[in-house]
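These are my notebook entries on one chain, taken down as I went through it. I began with a pair of helices and then turned to the cores.

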Amino acid sequence: MEGASDGFEVVTSEGSGAEQSPAPSQGKAVGEDGDPAEKPPLPEPAGTAQSERGWNQPSPSQNSVLPESTEKGTMTVSMIKDNGTSWKTWPNFENQECFPGEVIQQDYHMPDVLTVRVETDSDSFQEVVVKVERPTYKKPFLGGFRNVSTGVEFHNAGSQTKPKKRPDKGIQLFCRGTQTAVEKNAQQQTRNTTSTQMTKTGLYVSNMTDKLITPGKYFTAEEYHKRRLEAVIVIQKYFRRWHAAYLVQNLKEQRRLRLAQEAQEELQKKLEKEEKLIREYEKKLNPKTREDFELLYHDLELWMQEETERINRTLTGGKRKAALFALLEEETELIACIGMHKLNANLENQQKAILHFLSKCAQPRRWKAFDGKITEMDTPKSLHGKELLGIYRSINTKDIPKDERISVLLTLKWTVKEHECKLTEELVALIDREIDLLSREVKECNLEGLRKRICTLFLQYIKTPEFNPQVAGLIKVPQDPLTLYKNVYFCHSCEKYLPPSEFPIPASSHTIGRCRSCYQLDNEARKRESYFKYRLILEDLRKSEVDYQDDSKIVFLVQLPDMQYLMEKIWNCQSALSACSDLYELVMVRWDKQREWSPWNTILLTKEEADVHLKLCNLQKTYEAPFIYRIEQKHIRAKSYFARIPAMASFLHRSNNQSNANSSKENSSLNLKK
């Protein structure tokens, strides 16, 4: 190493003193030339960390704070020449009141470049630039040792230089444990020790049990492979036979299941059809609703037409007139019989409507919680409604003992006496009269009129909101009569003022017209049409359109007369494919399922045909051109009829624009293909 006067650059690392190997306290100092006697003792290097308290005591070189001259980047270093062979440097801290190893501050940060004043001679100095290399990795703790006599602990430290990296050879290397396999040699001895003894001089061995072995026919490798190929062919033959039998068995099983399913479906359809016929027959036998009587009048009209046609075909002259007169008399008797059934049904329906109305008054308040459970709460109004409902059912009960009847009447009397008015006074007077007549042993058949009056007045009492507050939100007639003047229409047929709900307004109508009762009476007297089957078809159509969830609107504008015209005049009440005329089996679906249903985008099919039709993707490839032309002609007829309806006109124009846009897109795609 040359003298300091020639100039040199010292490169240190921040915190590198903790990585230098300390010298033992009991040993000799070893010089750089390897001679321990020639090396004079030097102060402890900055890289040795001594601690008497523990292993984690920080070294002064790591955490100590240098003087101001050092903070500014200037530090004085003394150099001592040792036999002219090497130089040792250490800092010479000037103007310090503490020792270099004492911790002064904790906020010092060493700069990247230091200017060090090196003493070359006794009175000459030289400034040396020192670059600080900061560690890029965490240096490990390498352990240490403790002096037994003094108790001082010394920590091992690494070198100041970075570890040398191995050169990259471009080959992925592995450790020996992954490159070699573990092998083990073990001796093994056979289980049975055998030997062979042969005949020789002085020894005879019998050969009675010996076997003569002769060599067989030698075959080549080609013969061996040929034999294996033949064996493979035999195996394949048997396997293919088994596989074919397995496939046939599966096909038979699938066929059996399909036939059983078809038979089950046919049986289910038959049962459903029979159930519908039985239900229709029950409706005609015991009519109760308006639809039931429409079916009766419709069947009566069909029977009259058949009988009239038969009489006109078979009879002439006076016999024909007599037969027609007898037919008219029979029709009159049937109409009178139907009228009697209608009166009885109206009475039953009226009583059911009253009980339903009172049940609504007695219902508790209900609401749905966040978890889906229904919560009910009885209010004083609902409890009062339940009490009135129980009293009304008791006074309408027939064939009860006289004592129970008197008890019910007294309960009713004390209930209505809470409110004093003309209605309650009249009701109390009638109750006292019945009690007096019961005490005189009057027959019950003579009390029917009186009891009906009591029930009527008590029902009027229940329907009064002052006596039953729960009924205020259920009555149809508002409490203020002035509100009726704004929402009442006049029927020119029966000359009555009725609310709008009593007027069936067809889609093609421009005026209010007649009320429901007048329409029904006119239908029973003249046309005698039944919309029961058309109503079922329309309900199924609306349910299917709701399932599409594409905001269909036209289907909800179509009324029953419009559906009847569409079925009878345009589609002739038969399927477009199979010509099935059973209305219970027919349904209306979309012709093009991509567009919403409308009278000009529909087709009448059976339920099975409709399921298959809705699965089609391309109608032009599936159906033949004559069939498509026939369907389009029916759509044109439907457009010409429904275009007269104001509500349908806007939808018709929108569908025309949409169809024109689709046709233009198809033409453009065809041109591009060409």
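At what angle do the axes of helix H7 and helix H8 cross? I worked on a predicted model, in which local features need pLDDT of at least 70 and side-chain atom pairs count only at pLDDT 80 or more, while totals for chains, interfaces and linings use all residues. Residues are numbered from 1 along each chain as its sequence is written, and side-chain values use heavy atoms, with hydrogens and water left out.

Entry one, the helix pair. I found that the axes of H7 (residues 380-396) and H8 (residues 402-416) cross at roughly 145° and come within 10 Å; axes are lines fitted to C-alpha atoms over the stretch in contact, with angles from 0 to 180 degrees between N-to-C directions. Helices are DSSP runs of H or I with at least four residues, and strands are E runs of at least two. For contacts (heavy atoms within 4.5 Å), I noted that Glu 387, Leu 388, Ile 391, Ser 394 and Ile 395 of H7 meet Arg 405, Val 408, Thr 411, Leu 412 and Thr 415 of H8.

Entry two, the largest nonpolar core (buried Ala, Val, Leu, Ile, Met, Phe, Trp, Tyr and Cys joined through side-chain atoms within 4.5 Å; buried is under 20% relative accessible area with a 1.4 Å probe, protein chains only). This core holds 38 residues, of which Met 567, Trp 571, Met 588 and Ile 603 touch the most other members. Helix H16 gives the largest share, six residues. I also listed the contacts of Trp 571 beyond four places in sequence, including Met 588, Ile 603 and His 635.

Entry three, the whole chain. I counted 17 helices and 14 strands, and buried residues make up 27% of the 674 residues.

Notes: Buried < 20%, exposed > 50% of the residue type's maximum accessible area, 1.4 Å probe, protein only.
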